[in-house]
Amino acid sequence: MNYLSGGVNSPIPIPKNFPNNIIAGEGPYVIDKNGQKYIDMWMGYGALLFGHADKEIIQTTSKCLKNGWFFSYQTKIEKDFSSVLHDLIPCAERVRFATTGSDAVAYAIRAARAYTSRDMVLSVVGGYHGVHEAMIASEGIAFKNKPDLVHFNNTKESIKAIKTKKYACMILEPIMANSGCTPPLPGYLQALRKACDETNTVLIFDEVVTGFRINLGGAQKKYGVTPDLSTFSKAIACGLPLSVVCGKVSILDKFIPTGNVFFAGTFNAHPLSLAVGTLVIEMLRDGKIHSRITKLGNRLRSFISNSINKYDLNACVQGTDSMLTVAFGCKDFVHGISNEKFNQKTYDIFVKKMAERKILFPPLPTETVFLSPVHEAVIEKIEKAFDEVFLEIKNL
Ligand SMILES: Cc1ncc(COP(=O)(O)O)c(C=O)c1O
């Protein structure tokens, strides 16, 4: 008997031929209770930057556990790690640690509201910023203060909305990863920055996915646009619960005790996660991992694109760095895939056929594929599967 409500803990529908009894992970694989290994192309929603069960992360967490792993007092590591982040992330004049991406976004919006004395939030169609009431636009309940939405990469529409001066903040992912992987068009983020400056609107880059996956300073560093506030999670502690809200002193100081905006959380700044975060940054410092996974991303995108042409499929591959999306029924998706007439039926067939070959892709094309260095060992197998599955799709 399955006592989980609805049998799940996530809203993402899981295909019938996916394993539902995973007991372990190892490098590029997840392993089910029968010992069957599957190549993982979802990698903990992007959190597992080094793949499953990385040895150095295991060593660090074991050491940390021996020293005691949770305290109600201030720890040395929270101060040390905030200083590391201050040096790495362009907007991080001040830093606060929380536990999940949703927490960090909720705190950022709360601070923006206090700073501007405005209530409304502007975001983008197809964006996802967590489960809290300020950001959930539909999903069954109509909350009073749901955000207004514009289209990602539509500069004119976005600027027009910001210029109404109605909004406490505009929040978006600088590279959309929740509507397929959609990079910003040249000039889009810069135009948002300028409009937010002119209207005293807080610009929030949600880097829960892109942070530490793209580079050590986030997409804000890659594109040279510094937001007022930013949120980080997922890859920062490679799958342990940790999130960050950081940004301008004048806004972060709205939080208690310098200000009166409430901020709390039992597991905020968890020492185990901070120890892993500290290690992860050292592992990434020389840039070698990022260049390896970007190379892998370029290789796979180019292979998939050639295969699409070879079999003349109505499909596309899109992405940047170590992130990509395969979609059917469209040739690109500049404003995010949720704004395109993509073909979910063919995508379902693709996912099913890949799972038959023991390769697990995200069940929805709105979810991004994430590569880690551990995929290097299995890249030929992944490419071979693409070739076979695309041929079968062509012959449907
Ligand atoms: C961009 C973005 N922001 C916020 C969140 C929410 O993070 P969490 O699920 O840790 O609450 C997610 C989760 O996928 C995300 O992708």
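These legends walk you through several close-up views of one predicted model.

**View 1. Two domains make up the domain assignment of this protein chain.** Domain 1 takes in two stretches, 5–54 and 287–394, while domain 2 covers 57–284. If you mark the C-alpha centre of each domain, the two points lie 26 Å apart.

**View 2. Here domain 1 meets domain 2, with 30 residues of domain 1 in contact with 29 residues of domain 2.** Which elements supply at least two residues each to the side of domain 1 that touches domain 2? They are helix H9 (288–310), strand E11 (315–320) and strand E12 (323–328). E12 gives the largest share of that side, namely 4 residues. Sorted by character, the residues on this side of domain 1 are 14 nonpolar, 14 polar and 2 charged.

**View 3. E11, E12 and E14 build an open sheet of 3 strands.** Follow the strands in the order E11-E12-E14 and you will find antiparallel pairing. The edges are E11 and strand E14 (369–370), each of which pairs on one side only. Between E11 and E12 there are 6 bridges, in the antiparallel sense. To pick out one pair of residues, look for Val317, which stands opposite Val326 in E12. Helix H9 lies across E11 and E12, and its direction makes an angle of about 165° with E11.

**View 4. Glu383 has its place in helix H11 (residues 379–394).** Is Glu383 buried, exposed or partly exposed? Glu383 counts as partly exposed because it has 16 C-beta neighbours inside 10 Å, and a residue needs 20 or more to be buried, or 12 or fewer to be exposed. Val317, which you met in the previous view, is 66 residues from Glu383 in sequence. In space, the two are 13 Å apart, C-alpha to C-alpha.

**View 5. An open sheet of 7 strands comes into view, with mixed pairing.** Its strands follow the order E4-E10-E9-E8-E7-E5-E6. At the edges sit strand E4 (94–98) and strand E6 (148–150), each pairing on one side only. Neighbouring strands of this sheet are turned against each other by 20° on average, direction ignored.

**View 6. At one edge of that sheet, E4 pairs with strand E10 (residues 243–247).** The pairing is antiparallel and runs over 5 bridges. Try finding Val95, which stands opposite Cys246 in E10. Helix H2 (residues 76–88) lies across both E4 and E10, running at about 125° to E4.

**View 7. Strand E9 (residues 229–232) is covered on both faces.** Which residues lie on each side of E9? Leu229 and Thr231 are on one side, Ser230 and Phe232 are on the other, and all of them are buried. Strand E8 (residues 202–207) pairs with E9 in the parallel sense over 4 bridges, and Ile204 stands opposite Leu229 in E9. E9 is also joined to E10 by 4 bridges, but these two strands run antiparallel. Here Phe232 has Val244 in E10 as its bridge partner.

**View 8. The ligand is surrounded by 14 residues.** The closest are Thr100, Gly101, Ser102, Gly130 and Val208. Which helix gives the most to the shell around the ligand? Helix H3 (residues 101–116) does, with 3 residues. By character, the shell divides into 5 nonpolar, 7 polar and 2 charged residues.

Technical notes: Residues numbered from 1 in each chain as written. Predicted model: local features only at pLDDT ≥ 70, side-chain atom pairs only at ≥ 80, totals over all residues. Domains from an automatic or database assignment. Contact = placed C-beta atoms within 7 Å. Nonpolar A, V, L, I, M, F, W, Y, C, P; charged D, E, K, R; others polar. Near = placed C-beta within 6 Å. Pairing = 2+ DSSP bridges. Axes fitted to C-alpha atoms, helices over the stretch in contact; angles between N-to-C directions.
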